[in-house]
Amino acid sequence: MKEIREIIKAYDAASLAGKKAALAAVVHLNGSSYRRPGARMLVTDEGELTGAISGGCLEGDALRKAMMVLSQQSRLVTYDTNDEDDATIGIQLGCAGIIQVLFEPINVNDDNNPIQLLRKAIAIRQQCVLITLFSLEDKKNEHAGTCMLVEKNGNISGDIPFSHLKKNIMEDAALVMQAQTSSFKNYKSNNFSVTAFIEFLQPPVSLVVIGAGNDAIPMMQIADILGWEVRIIDGRSTHARPDRFVSACQVVVSNPERVLKQIPIDQRTAFVLMTHNYNYDLAMLKALIFHDVMYIGLLGPKLKLERMLDEIKAQGLQIDEQHLKKIYGPVGLEIGAETAEEIAVSIIGEIQAVVSGEKGGSLRDKRGVIHSRSEKLNEQKKLN
């Protein structure tokens with residue numbers, strides 16, 4: 001989501017300056033690539049780039065392609081990084097993938113142009129599905145492109161330009177929302193073929209750190225770089241001061257009993273308890289353990305957590321395996337962290353692993369591909 005926010009910010013600045021802009025997006029992939037489908041890059045008519053569609057190997061050619069569509073129609077371009085002799089995009093890229101990039105000019109007069117749909121996707125904190133249509137068989141003619149946003153609450157922005165496809169695409173969008181995984185669908189009839197990239201978009205992680213000590217500062221900085229929403233909570237006004245943390249951080253002075261009433265919480269909210277005050281952390285753990293959150297990290301030794309759980313149980317509260325599964329104590333990945341910065345990396349890494357459903361091990365020990373192939377073209381629907 002951070003990349004999308006930066007693209008929107010850059011587009012707004014370009015629009016204010018009277019510049020034209022085009023959006024380049026990875027919409028399909030066979031094999032491997034540095035960036036996955038959904039990676040985007042904004043290009044202005046002065047050659048300014050925001051975002052990225054690769055590790056840098058495609059950006060030069062993509063810039064030239066984007067400049068060509070600024071005042072024309074959308075265009076689909078294939079980059080074959082299997083070809084080590086391809087001088088057009090660079091020799092020996094080593095990605096071993098076929099990448100489809102869609103270039104779309106941004107029409108400022110269209111209330112549902114790709115930028116506006118992305119703007120709506122991040123305006124509210126909820127899951128969305130973004131639909132992009134293109135043709136792998138007819139790359140020369142104009143592509144429908146990024147045309148519809150479906151929000152979880154049922155709101156729809158934009159439209160499907162092919163009326164006979166709308167019912168099928170809406171059904172597939174509902175399945176993507178349910179599975180929470182992006183998908184590709186190919187719709188085909190005798191004289192018609194179009195592919196839909198049905199992209200599942202999640203709101204950013206919301207990180208709430210309980211404890212405004214010095215060791216919380218690098219954690220807020222790293223989380224901010226990742227584009228997470230960040231909040232710091234502490235009962236001490238001397239520590240919980242906005243000037244000590246990144247500007248995007250919400251700072252709240254509160255006792256434990258009032259914390260959950262003062263901040264928004266959903267299933268992508270992660271808490272880290274690190275006040276170095278046993279009673280404050282205990283009160284927060286007691287409040288959070290029965291709340292619907294994905295992650296509760298507790299700084300300190302395992303004996304501290306065991307003592308806290310025993311005290312909570314002694315009050316007659318029942319703690320089962322489902323409650324314990326979301327508690328991470330001691331908090332963080334085992335990377336030999338000692339300093340506040342190293343501990344911050346360890347904790348942020350563990351939260352990211354939990355969000356992604358991964359174990360946080362070394363990639364060299366992973367069997368198979370690095371990225372899931374769940375986003376492959378997995379279904380073709382024949383139309384009447």
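Okay, let me start with a term: by a cavity I mean a set of grid points where a 1.4 Å probe fits but cannot get out. With that in hand, how many cavities of 30 Å³ or more does the structure hold? One. And before I go on, please keep in mind that this is a predicted model.

So, that cavity. The space in the largest cavity comes to about 30 Å³. Its lining is made up of Ala-25, Val-26, Val-27, Arg-40, Thr-132, Thr-146, Phe-197 and Glu-199. If you sort that lining by class, you get four nonpolar residues, two polar and two charged. Which strand gives the most to it? That's β1, with three residues. β10, which is residues 192-201, also supplies at least two, as does β1.

Since β1 has come up, let's look at the sheet it sits in. There are five strands in an open sheet, and reading across you go β3-β2-β1-β5-β4, with antiparallel pairing. Which strands are at the edges? β3, at 49-51, and β4, at 75-80, and each of those pairs on one side only. From one strand to the next the twist averages 25 degrees.

Over at the β4 edge, the partner is β5, residues 97-105; the two run antiparallel and six bridges join them. If you want one pair to click on, take Leu-76, whose bridge partner in β5 is Leu-102.

Now the helices on this sheet. Helix α1, residues 2-16, packs on it and touches β1 (21-31), β2 (40-44) and β3. The direction of α1 makes about 10 degrees with that of β2. Then there's helix α2, residues 59-69, which lies across β1, β2, β3, β4 and β5. Against β4, α2 runs at about 165 degrees.

Let me zoom in on one residue of α1, namely Ile-7. Is Ile-7 buried or exposed? Its relative accessibility is 0%, and the cut-off for buried is under 20%, so Ile-7 counts as buried. What does Ile-7 touch, leaving out residues up to four places away in sequence? The list is Leu-23, Arg-40, Met-41, Leu-42, Thr-50 and Ile-115. You'll recognise Arg-40 from the cavity lining. There's also a distance you can check on screen: Ile-7 and Leu-49 are 42 residues apart in sequence, and their C-alpha atoms are 9.0 Å apart in space.

Next, a pocket. The second largest pocket holds about 300 Å³ of space. It has 16 lining residues, and the closest to its centre are Glu-104, Asp-110, Pro-114, Ala-144 and Thr-146. Thr-146 is also in the lining of the largest cavity. Which elements give two or more residues to this pocket lining? β5 and β7, the latter being 145-151. By class, we have five nonpolar, seven polar and four charged residues there.

Moving along the chain, have a look at β11, residues 206-210. Five of its five residues are buried. In a regular strand, side chains alternate between the two faces of the sheet. Here, Ser-206, Val-208 and Ile-210 are on one side, Leu-207 and Val-209 are on the other, and all are buried, so both faces of β11 are covered. β11 pairs with β12, residues 229-234, in the parallel sense over five bridges. Within that pairing, Ile-210 stands opposite Ile-233.

Last topic, the backbone oddities, for anyone who likes to check torsions. Gln-180 isn't a glycine, yet its phi is positive, near 55 degrees. Where is Gln-180? In the loop between α4 (166-179) and β9 (183-189). Gln-180 is partly exposed, at 39% relative accessible area.

His-276 is another non-glycine with a positive phi, about 65 degrees. You'll find His-276 in the loop between β14 (269-273) and α7 (278-288). The relative accessibility of His-276 is 59%, and exposed means over 50%, so His-276 counts as exposed.

And finally the omega one: the peptide bond joining Gly-329 and Pro-330 is cis, with omega at about 0 degrees. Pro-330 lies in the loop between β16 (327-328) and α10 (340-356).

That's my tour, thanks.

Terms used:
Residues are numbered from 1 along each chain as its sequence is written. This is a predicted model: local features need pLDDT of at least 70, side-chain atom pairs count only at pLDDT 80 or more; totals for chains, interfaces and linings use all residues. Side-chain values use heavy atoms; hydrogens and water are left out. Two strands pair if DSSP finds at least two bridges between them. Helices (H or I, at least four residues) and strands (E, at least two) are DSSP runs, numbered from the N terminus. Axes are lines fitted to C-alpha atoms, for helices over the stretch in contact, and angles run from 0 to 180 degrees between N-to-C directions. Contact means heavy atoms within 4.5 Å. On a 1 Å grid over the protein atoms alone, a cavity is a set of points where a 1.4 Å probe fits but cannot get out, and a pocket is an open set with protein on both sides within 12 Å along at least five of seven lines; lining residues have an atom within 4 Å of a point. Grid points are joined across faces, edges and corners, and a volume is the space filled by probe spheres set on the points. Ala, Val, Leu, Ile, Met, Phe, Trp, Tyr, Cys and Pro count as nonpolar, Asp, Glu, Lys and Arg as charged, and the others, Gly among them, as polar. Buried means under 20% relative accessible area, exposed over 50%, partly exposed in between (1.4 Å probe, protein chains only).
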